[in-house]
Structures are given as structure tokens and as C-alpha cells.
Amino acid sequence: AHWDALLPPHAHVDILITHGPPAGYGDAASGVHVGDAALLAAVQAMETPPLLWVCGHIHKSYGVHHVPHARAPHGAIPLVNAAVQYLAHGDKCAAPRTVDLPSGAITEPSC
């Protein structure tokens, strides 16, 4: 009910920013998915999906993921888990990404 109130199906959101990821996307921690299933359900119920979803929190699952949504361009919402903790440990793949909107083109770091 929490996410349904914050993200009702008729909400129009271009860029969604949440602390944690949805269940199954950008949420793997030690091989276990720990994302929020209610958050995923609320976003997938939106009549107009966001152009971009940004989250963090699960450091090991940084990077670009794609959340299925029937009305999203290409059938999915681009999700960027922007956690960059591992960049400080020398993992260049954890570097920030750039996203061109409205095209949704994402520039990945070279690693």
C-alpha cells in the first residue's frame, strides 16, 4: 500500500529515483535478490512508465538493468543502480553512467 499511494497507476513520472531497487533487478546481494516486490508491482502498474529509474543501496549490483513494462519503449524501463562504492576499491566498471533523455541512450564506463 505504501508504494501504491506514492506511485498510483495514473502518476506521470519522467525520472524515478528510489533508494533501493525493485525485486529482481539490480538487487542481488551475495546471490540473493533483496529488492522490493511492492515497489516493482507499483511501477509495473503505472499507465505511463518512467523514462529512467535510478536506485542504489545494493552496491554489488551496480550498473544498468532493464525492468519489463508493457508500455515502455523497447518493453522495459532502464534502471541504473548508481551505487559507486566499488569505484573507490579500483573497480572502474562501477563508474557513473550518463543517460541521454528522452532517447534513453546510456553510456557505460569503459572497463
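Which elements do the buried residues of α2 pack against?

1. The structure is a predicted model, and the confidence values are a sensible place to begin. The mean pLDDT of the protein is 93, with 100% of its residues reaching 70 or more. Confidence is highest in helix α2 (residues 37–44), where the mean is 98, and lowest in strand β8 (residues 105–107), where the mean is 92.

2. Helix α2 answers the opening question, since its buried residues pack against α1 (2–6), β1 (15–17), β4 (52–55), β5 (63–68) and β6. The buried residues in question are L39, L40, A42 and V43. Viewed down the axis of α2, these buried residues fall within an arc of 165°, so they line one face of the helix. At the N-terminal end of α2, D36 acts as a cap, with a side-chain oxygen placed 2.9 Å from the backbone nitrogen of A38.

3. T18, in the loop between β1 and β2 (28–29), deserves a separate look. With a relative accessibility of 8%, T18 counts as buried because the cut-off for that class is under 20%. Its side chain reaches the backbone oxygen of G20 at 2.7 Å. Once neighbours within four places in sequence are left aside, T18 is in contact with W3, L39, W53, V54, C55 and G56; L39 is also one of the buried residues of α2.

4. On charged pairs, the count comes to 1 salt bridge. It joins E108 to R97, and the closest N and O atoms of the two residues are 3.2 Å apart. The pair links distant parts of the chain, since E108 sits in the segment after β8 and R97 in the loop between β6 (76–81) and β7 (98–100), the two being 11 residues apart. As for their surroundings, R97 is buried, with a relative accessible area of 17%, whereas E108, at 42% relative accessibility, counts as partly exposed.

5. Some backbone features in the loops should also be noted. The peptide bond from L101 to P102 is cis, with omega near 15°, and P102 is found in the loop between β7 and β8.

6. Two histidines have positive phi values without being glycine. For H57, in the loop between β4 and β5, phi is near 75°, and the residue counts as partly exposed at 47% relative accessibility. For H74, which lies in the loop between β5 and β6, phi is about 65°, and the residue is exposed, with a relative accessible area of 82%.

Terms used. Residues are numbered from 1 along each chain as its sequence is written. This is a predicted model: local features need pLDDT of at least 70, side-chain atom pairs count only at pLDDT 80 or more; totals for chains, interfaces and linings use all residues. Side-chain values use heavy atoms; hydrogens and water are left out. pLDDT is the predictor's confidence in each residue, from 0 to 100. Helices (H or I, at least four residues) and strands (E, at least two) are DSSP runs, numbered from the N terminus. A salt bridge is a side-chain nitrogen of Lys or Arg within 4 Å of a carboxyl oxygen of Asp or Glu. Buried means under 20% relative accessible area, exposed over 50%, partly exposed in between (1.4 Å probe, protein chains only). The arc is that of the directions from the helix axis to the C-beta atoms. Contact means heavy atoms within 4.5 Å. A polar contact is a pair of N or O atoms within 3.5 Å; within protein, one must be able to donate a hydrogen and the other to accept it, and residues adjacent in sequence count only if both atoms are side-chain atoms.
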